[in-house]
Amino acid sequence: MFKSEKSTVAWWDTAVIYQVYPRSFKDSNGDGEGDLRGVINEIPYLQSLGIDAIWLSPFFKSPNKDGGYDVSDPRDVDPRFGKISDAEDLIEEAHSAGIKVIFDIVPNHFSSEHLWFKAALASKPGSPERDRFHFADGQGEGGNTPPNNWNSIFNGPAWTRVIETDGKPGQWYLHLFDSSQPDLNWENKDVSDDFEKTIRFWLDRGLDGFRIDVAHGLYKSDIHTNHRDPEGLTHALRLDLGGMDHDVRTALLSDIPFFGQTKTHEIYRKWRTILDSYPDKRMAVAEAFLYPTSRLADYVRPDELHQVFNFDYMAVEWSAEKIRDSVNRSIQELAGVGAIPSWVMDNHDSPRVVSRLKSEDKARAFALLTHALPGAVYVYQGEELGLADGIIPDEARQDPSYIRSGGKDKGRDGARVPLPWNSKESNFGFSTGTPWLPMHSSMKAHSADLQEGDSGSFLNLYRTSFALRKRLATQGVSKELVWREGPEGIVYFTRGSGFSVLANTTDAPIDVNVHTAVMVILESKGGASVDGTIVTVPAHTTLWLQS
Ligand code: NOJ
């Protein structure tokens, strides 16, 4: 049994938060890319899902080399997405519909098109302009070798050499991601001041919170420290490796000189005071990828951030034992600091859950299991339509990780294909122009319009489970999750005496004695039956039971 230390529940603790990837959500102007007006126009759809908040991936000024995570002005909107007034309207209209709004903030790096980086390139080694980034001399003869052996998370070296103003090759700069994303130097006060300005800029416009990109990476240890296993590290950071155990990742991911440095927490303590200085409960969620996962608790201590994504759960195998382990770990580790977990099945960086589990049935069952857990649930756009990864010819791929790996790593474009809204319209209603990634004909069957009227559709399963989740919360379902004994392959837990969940992770139906009279209130797939206290759970199915 687990006890949460918290007595009061904040809105984000139990929220369903829907991730909008704006470029692929809905195009309102026919240029083939989604935009903020497209999101505003679909607020009724978002409202119909029964979600509590939306988180938008970046739409700020950007040359878009990494899907907008290469920001050249964090306090302006990129013209491809609209104008600042559209962002303001979006916040206002979402609020009128009862939906909170979270934006992304990207503090680890700027775009190489940011004015600061241009100024750094035009300045001398050792200048204040260069000090806002990580510039260093190379090693060896002529400084021809990078300052250390760190690899980019997108493959290849994490250093690129610049041509100095005299036309000769000179210093190197650090980029943990693409060479168009120079890492910022958080020891430099200009950097911290500028981010505080950005935070206030958006909070002043009524924003409810931030998702902090690479929250664990902002401080680097001495750049003269080599990493002991750069290849192993790049491998372990991939999110498409379902089944990579916690312990295996821990072995590959401990002692990284550019992740999880203690000083990072000073930044979040400061940001927390800014968030708390605004009325109406503003929040921040960390995108932190650290192993062992117990280290994540540091990010959600009472004076730091409010939430941290649960990537360990996102990569968990469809196995009762592995799921129980991951859920236990998440709850226990965070309970130590009085925080509540979030549950993530999918995002724009990972394969879509239907593709990862290679089965719609398993994805439906996993969803109902996830939605029944205590804590916040993150949903990635299209997850509610049961979309699989898009089928993309290699020549259409755009992800820098595909390009930098020379095609070895297929990259994340598959999860970023635009949404199919309407089976009868061109590009399935996403855009009247040419979509920025091809939309394969197989997507048609998943279009939102076809799922609307079908009570057995993915879309309606999500709607029903979110509505029921809310109802159960008002009926006082317990915050505590208690595991029950069940046959092998079954995940079985209760939350208070009235609500229990059974998930069958195997290929065959399983009978479970629940020792009390129950009623099935929701099932991920038909075919369950109850006989006395015996519940028959079909293969790869989750049931919600009420007694
Ligand atoms: C994590 C983001 O989710 C991902 O899309 C991006 O490429 C990296 N951070 C770098 O900003």
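**Figure 1. Polar contacts between the ligand and protein side chains in the predicted model.** An N or O atom in the side chain of His109 lies 3.0 Å from an oxygen atom of the ligand. Two aspartates also take part: Asp66 places a polar side-chain atom 2.6 Å from a ligand oxygen atom, and a polar side-chain atom of Asp213 is likewise 2.6 Å from an oxygen atom of the ligand. Taken alone, the ligand has 300 Å² of accessible area, of which the protein covers 98%.

**Figure 2. The shell of residues around the ligand.** The shell comprises 13 residues, and those that come nearest are Asp66, Arg211, Asp213, His348 and Asp349. By class, 7 residues of the shell are charged, 4 are nonpolar and 2 are polar.

**Figure 3. The second largest pocket, with residues of domain 1 and domain 3 in its lining.** The volume of this pocket is about 550 Å³. Its lining consists of 34 residues, among which Asp13, Thr14, Pro374, Gly375 and Arg495 are the closest to the pocket centre. Domain 1 (11-110 + 188-461) and domain 3 (479-546) each contribute at least three residues to the lining. Among the helices, α11 (320-335) and α16 (458-474) each provide at least two lining residues, and α16 accounts for the largest share, with 6 residues. The lining divides by class into 19 nonpolar, 8 charged and 7 polar residues.

**Figure 4. The largest cavity and its lining.** Across the whole structure, 5 cavities of 30 Å³ or more are found. The largest cavity holds about 100 Å³ of space. Its lining is formed by Thr293, Leu296, Val308, Phe309, Asn310, Asp312, Arg329, Ser330, Glu333, Leu334, Pro341 and Ser342. Helix α11, which also supplies at least two residues to the lining of the second largest pocket, gives the largest share of this cavity lining, 4 residues. By class, the cavity lining has 5 nonpolar, 4 polar and 3 charged residues.

**Figure 5. The second largest cavity, lined in part by β5 and α6.** This cavity has a volume of about 60 Å³. The residues that line it are Phe60, Val71, Pro74, Asp104, Ile105, Val106, Phe110, Phe195, Thr198 and Trp202. Strand β5 (100-105) and helix α6 (189-203) each contribute at least two of the lining residues; α6 gives the most, with 3 residues. In the lining of the second largest cavity, 8 residues are nonpolar, 1 is polar and 1 is charged.

How values were computed
Residues numbered from 1 in each chain as written. Predicted model: local features only at pLDDT ≥ 70, side-chain atom pairs only at ≥ 80, totals over all residues. Heavy atoms only, no water. Near = heavy atom within 4 Å. Polar contact = N/O pair within 3.5 Å; in protein donor to acceptor, adjacent residues only side chain to side chain. Areas by Shrake-Rupley, 256 points an atom, 1.4 Å probe, with all protein chains shown as cover. Nonpolar A, V, L, I, M, F, W, Y, C, P; charged D, E, K, R; others polar. 1 Å grid on protein atoms, 1.4 Å probe; cavity = no way out; pocket = protein on both sides within 12 Å on 5 of 7 lines; lining within 4 Å. Points joined across faces, edges and corners; volume = space filled by probe spheres on them. Domains from an automatic or database assignment.
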